[in-house]
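Trainee: Could you take me through one part of this model up close? I'd like to look at the place where the two chains meet.

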Amino acid sequence: MTGARAQGPAPAGPGPGPHAPPRRPARRTAGRRAPLPLLIPAAAGLAFLLLPLLALLVRAPWRSLPEQLTSAEVWQALRLSLVCATAATVLSLLIGVPLAWLLARTDFPGRGLVRALVTLPLVLPPVVGGVALLLAFGRNGVVGQWLDAWFGITLPFTTTGVVLAETFVAMPFLVISVEGTLRAADPRYEEAAMTLGASRFTAFRRVTLPLIAPGVAAGSVLAWARALGEFGATITFAGNFPGRTQTMPLAVYLALQNDPAAAVALSLVLLAVSIAVLAGLRDRWMTAS
Amino acid sequence: MTTRSAPRTRRTLRTAGAGVAALLALSGCSSAGSGDAGSSSEPSGTLTVFAAASLQESFTKLGKTFEKQHPGTEVTFNFGGSDTLAASITSGAPADVFAAASTRTMRTVTDRDATAGPPRTFVRNRLEIATLPGNPDRIDSLEDLTRPGLKVVLCDRTVPCGAAAQSALRTGGLRLTPVSYEEDVKSALTKVVLKEADAAVVYRTDVRAAGDKVEGVEFPEAVEAVNDYPIALLRDAPNPGAAGAFIDLVKSAEGRKVLTAAGFLAP
């Protein structure tokens, strides 16, 4: 990855590449006033997104927070959430990036339909997604019954099941994001690489991938965040067992049933951790590109 | 055209007048007959009922009966885990009636003074084991569920069916590690219906509702874990008249018939 940056057609270099943004545009426009018809709805939008979070902070049980957060169950659920969301993101990268490439760079009959099908999990209620996963990969499912009979693998009620459920829901975010980046990237770099003798796969690996790295990173972050908050597909497909399949959102939901204060505390932990991770990633990946 | 329709209009008017008179007489009659202080007028409008997930089949049926008995009413249900429903009621959800699967859950609502009167127990429910059709694992008792290799799902202990299952296990002195603690009784049952789990501890009403998709196994410890189902009119009910009438229907002989047919026990 790092080697490619040096020998590629230098898209990230200081030259006027197709993706080199104009330097520091923010400072130039800062002096001008934003027009009110944009400013007012923008402020309303921001307030709408932030108010619920503020309400969580205002109503949080700060006094009992320390004892709520020192319970082993919370950390167990948090660790499981982080591990599963990361695994789901890695799995999404492994199969989602090639899928995005296929959709953006090749032409085959029914591509539009395939593209629409890929985005289906975005609109499917996650609980239905969970049932669909059960019907496919469950012990009695279309594929699952063979997995069970041949390899003795059953996926429901396992941590692997959680990863699969999260991947199912989160991967479309990655695919869409990467596909968009690929479409915006100039295919002439790849063509140039191929005229110089690189195979299509080599061109993808050494030219395309470094070129779209920022898009892949952004897509991964989206997918990771979506996987971290996943609830419906997870509880339906993988069930709820502390330490094995009970991720933070599940713990929050069940705590909400009889101890709303604990649920708020758990949500704050999830929020804090995700903000920390996302902010950390932003500094390392996004701004580097 | 106009000449022909004029007399017809007059005739329609006359019949309508007769109808109104008849209705007036009827309603006067009924209000005199029942003499109920709160529901003197005929119930109308939309009625919102929050009810435990296990009541879904029987309450849906009773809702249809209610709409038929009181034309102009529309009953909308919100079925779910009792605790979730209680939480949304105490945080201000606009509901008229709340029927919970346990007195403990109802207490969280009465503690906030969110009911208009004391809740009444209208049915009871007991636990049963739901197994795969034909009971291939030969499950005959609660103890059989503790066999290694058997995939059992329970309700989470925060919901009534889970709490009841725990107290049944305690009565039997049994230790059971399920593969999952489900968020409500219907999702526990679904895992058996889809053959993902070998057995679940659910209510006998759920076993009945699932028909031949599962097989029920009764167990003696269930007697120690019977759930009372309380029903109450809510204090902030937008439609208290219809709510009272619906509660009357649930507690009537007709309501009892529907509920016992679903597997509920008389209180």
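**Where chain B meets chain A**

Mentor: Sure, let's start with the charged link. Across the interface of chain B and chain A, the rule finds 1 salt bridge. Its partners are the side chains of B:Asp198 and A:Arg139, with 2.9 Å from N to O. Keep in mind that you're looking at a predicted model.

Now look at what chain B brings to the meeting. Two of its elements, helix H3 (82–90) and strand S7 (180–182), each give two or more residues to the side that touches chain A. S7(B) gives the most, with 3 residues. If you sort the residues on that side of chain B by kind, you get 8 nonpolar, 4 polar and 9 charged.

Next, step back to the whole interface. On one side there are 21 residues of chain B, and they are in contact with 20 residues of chain A. Together the two chains bury about 1900 Å² between them, and 53% of that is on carbon and sulfur atoms. As for polar contacts, the count between chain B and chain A is 9 residue pairs, with both residues at pLDDT 80 or more.

It helps to know what sort of chain is making these contacts. Chain B has 9 helices and 10 strands. It is 267 residues long, and 48% of them count as buried. Try tracing some of its contacts along the sequence, too: among those in chain B between residues at least 6 apart, 78% join residues at least 24 apart. On the outside, chain B exposes about 12600 Å², with carbon and sulfur atoms supplying 53% of that area.

Before you go, zoom in on one residue of chain A, as practice in reading a single spot. A:Thr106 sits in the loop between helix H5 (72–105) and helix H6 (111–118) of chain A. Is A:Thr106 buried or exposed? It counts as buried because its relative accessible area is 16%, and the cut-off for buried is under 20%. Now find the side chain of A:Thr106: one of its polar atoms lies 2.5 Å from the backbone oxygen of A:Leu102. Then look further along the chain. Leaving aside neighbours within four places in sequence, A:Thr106 is in contact with A:Trp101, A:Arg111 and A:Arg200.

Definitions and conventions
Residues are numbered from 1 along each chain as its sequence is written. Chains are lettered from A and ligands numbered from 1 in the order in which they are written. This is a predicted model: local features need pLDDT of at least 70, side-chain atom pairs count only at pLDDT 80 or more; totals for chains, interfaces and linings use all residues. Side-chain values use heavy atoms; hydrogens and water are left out. Contact means heavy atoms within 4.5 Å. Buried area is the accessible area (1.4 Å probe) that two parts lose on being put together, summed over both. A salt bridge is a side-chain nitrogen of Lys or Arg within 4 Å of a carboxyl oxygen of Asp or Glu. A polar contact is a pair of N or O atoms within 3.5 Å; within protein, one must be able to donate a hydrogen and the other to accept it, and residues adjacent in sequence count only if both atoms are side-chain atoms. Helices (H or I, at least four residues) and strands (E, at least two) are DSSP runs, numbered from the N terminus. Ala, Val, Leu, Ile, Met, Phe, Trp, Tyr, Cys and Pro count as nonpolar, Asp, Glu, Lys and Arg as charged, and the others, Gly among them, as polar. Buried means under 20% relative accessible area, exposed over 50%, partly exposed in between (1.4 Å probe, protein chains only). Accessible areas come from the Shrake-Rupley method with a 1.4 Å probe; for residues, only the protein chains shown count as cover.
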